[in-house]
Amino acid sequence: MTSSQAAGAEEAREDAEVSTRKKTFTEVQTERSEQAERTVLIKCPQKLNEKKLLQYLSSHGNIKSHFFFENRGIHALIEFSEKNSIDSLQDAVGVPSAAEHHVVPFKSRLFTFTLKNPVSQAAGGTPVHLSPQFHIPVKDLIPKLCHADSISSQMYMLLNEYQLTEENIKLRYLACSLVRDFARAYFPDSTVKPFGSSVNTFGKLGCDVDMFLDFCDTQKHATKMKKGPFEMEYQMKRLPSERLATQKILSVIGDCLDNFGPGCIGIQKILNARCPLVKFSHQATGFQCDLSVSNSIAIKSSELLYIYGCLDPRVRALVFSVRCWARVHGLTNSVPGTWITNFSLTMMVMFFLQRRSPPIIPTLDQLKELADEKDKHVIGGYDCSFVTDLSKIKPTKNTETLDVLLGDFFEYFGNFDFRRNSLNLRKGKEVNKPESSPLYIWNPFEQDLNISKNVNQPQLEKFVAVARESAWILQNEDKTQQTIKKEPWGLAALLIPFGKSNASKTKNRMKGIGSETIRSLLDSLKLNSANSLQKAVGK
């Protein structure tokens with residue numbers, strides 16, 4: 001066997017090894033980013049012969065995968081096997097006519113495909129399958145859930161309807177890759193990667209794309225060239241602070257996208273925020289995008305949630321159900337405000353799962369104990385170390401069903417002593433609140449920050465009241481009777497705003513023990529809220 005054959009065999013063995021275990025967060029990011037670099041996006045005519053389009057594109061190289069979707073017209077995402085196929089295609093593509101408008105001569109990986117002879121060329125074509133890019137409305141989901149045989153089945157059904165599809169994930173990485181093409185005009189070693197809900201396994205169809213501009217390759221380069229009698233380094237612009245550098249970089253990239261980016265509209269430069277960013281709409285992919293400069297701790301938070309989401313299938317099913325429930329009842333909102341955010345709600349689910357007996361997921365401190373040397377990260381003075389290899393984490397021995405977990409989640413937080421206690425995911429324990437915010441959830445990494453500081457007392461009271469009412473519904477429902485009467489049951493019953501599903505039934509329930517408990521809870525919360533600040537400070 002030659003050395004090259006041996007190297008190929010070793011590479012194949014490593015690939016096989018990776019495919020049989022759950023990939024690390026970094027492996028997934030790298031693989032997806034490489035896929036995106038071999039990908040183009042094509043706007044197609046309404047009457048399209050799919051076979052002929054693929055035949056034409058195949059003349060430039062082997063097509064590894066493709067799909068079609070609707071976004072103000074039909075689009076095709078084409079992934080080639082080799083990156084140089086894109087160069088071949090770009091060489092054969094024409095520049096649009098500038099009869100009415102002058103075009104900006106930036107050659108991107110966005111193309112428009114038209115038929116020279118539409119009637120004859122479209123003949124024989126069948127309607128293409130369109131990949132969904134948005135989840136179905138809750139009102140259409142509820143009848144589907146009613147046909148399930150258990151609450152667990154309902155929760156997995158909701159997960160399957162709402163989670164990001166393989167196609168949608170590819171589209172998200174492509175959007176980042178297209179922005180990266182602009183960034184590299186100024187910073188050749190930079191990359192643009194998604195973070196947050198697009199990558200942490202908890203994103204739902206239709207959610208925004210959070211992306212960050214990363215200069216890690218540039219930083220790695222700074223450690224080179226240390227040998228020998230000479231030392232050489234780049235001459236670079238020096239600025240008084242990292243924040244100012246970030247603001248200047250984002251300002252320029254924002255202007256570049258605004259002036260030259262095909263389909264980039266509604267550019268907003270929000271440079272004085274705690275984390276400066278550029279918001280814009282990417283018309284070709286249909287995403288609302290937020291671009292920031294590398295926020296290492298935010299990336300570690302994405303990776304931590306990725307690990308939790310991969311450890312046990314119940315984790316994601318519970319998070320998706322709780323978040324959908326919260327949105328239906330107005331506990332969360334897409335607009336920033338005093339309500340609980342999806343991130344805070346997700347962390348509440350994680351904390352709840354750490355508190356089970358036995359725990360379903362480990363605490364952050366337990367993950368830190370499993371970390372080896374390559375997992376050690378200190379960012380801005382904060383210890384962000386935890387194990388990244390999922391095979392090193394022992395599976396849970398907890399066998400509770402999702403039926404039990406959903407009801408217990410509502411009961412747990414419906415009776416949680418928010419006045420005194422906070423949620424600490426590092427330790428998996430309720431600890432005394434360090435300050436008087438109504439809801440206190442410790443940032444897993446920046447331990448001096450409360451990720452739910454925005455939540456006010458009325459919003460917390462509303463959350464507790466709806467959680468208690470939901471626990472009462474699950475404990476007292478008669479599934480057999482509801483199936484006969486064709487009424488929503490289980491999770492489906494919780495996804496109808498209380499008071500709207502059946503006015504008389506709700507009125508009767510308001511006389512029952514569940515609502516009495518809620519009223520007494522609200523009374524106690526109101527009594528306690530007046531002196532909670534004094535008691536918290538006195539600790």
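Start at His75 in strand 3: this residue is the bridge partner of Lys43. The model you have open is predicted.

**Strand 3 and its neighbours**

Select strand 1, residues 39–44, together with strand 3. The two pair in the antiparallel sense, over 6 bridges. Next add strand 2, residues 63–70. Strand 2 also runs antiparallel to strand 3, joined by 7 bridges. To find one of these contacts, pick Ile63 and its bridge partner, Phe80. Then go to the turn: 3 residues separate strands 2 and 3 in this hairpin, and Arg72 there has a positive phi of about 55 degrees.

Now show the side chains of residues 74–80. Are they buried or exposed? In strand 3, 7 of 7 residues are buried. Ile74, Ala76, Ile78 and Phe80 point one way, while His75, Leu77 and Glu79 point the other. In a regular strand, side chains alternate between the two faces of the sheet.

**The aromatic pairs**

The whole structure holds 21 aromatic pairs. Select Trp325 and Phe463: they meet edge-to-face, 6.0 Å centre to centre, with 75 degrees between the planes. Trp325 sits in helix 12 and Phe463 in helix 16, so this pair ties together parts 138 residues apart in sequence. Trp325 is buried at 0% relative accessibility, and Phe463 is buried at 1%.

Move to Phe413 and Phe418. Their ring planes are at 15 degrees and their centres 6.3 Å apart, so this pair is stacked. Phe413 is buried at 0% relative accessible area; Phe418 is buried at 4%. Ring pairs link these four residues into a cluster whose members also include Phe352, Phe409 and Tyr412.

**Last stop**

Select Lys300, which lies over the face of Phe386, 4.5 Å from the ring centre.

Definitions and conventions
Residues numbered from 1 in each chain as written. Predicted model: local features only at pLDDT ≥ 70, side-chain atom pairs only at ≥ 80, totals over all residues. Heavy atoms only, no water. Buried < 20%, exposed > 50% of the residue type's maximum accessible area, 1.4 Å probe, protein only. Helix = DSSP H or I, 4+ residues; strand = E, 2+ residues; numbered from the N terminus. Pairing = 2+ DSSP bridges. Phe/Tyr/Trp six-rings, centres within 6.5 Å; stacked < 30°, edge-to-face > 60°. Lys NZ or Arg CZ within 6 Å of the ring centre and 35° of its normal.
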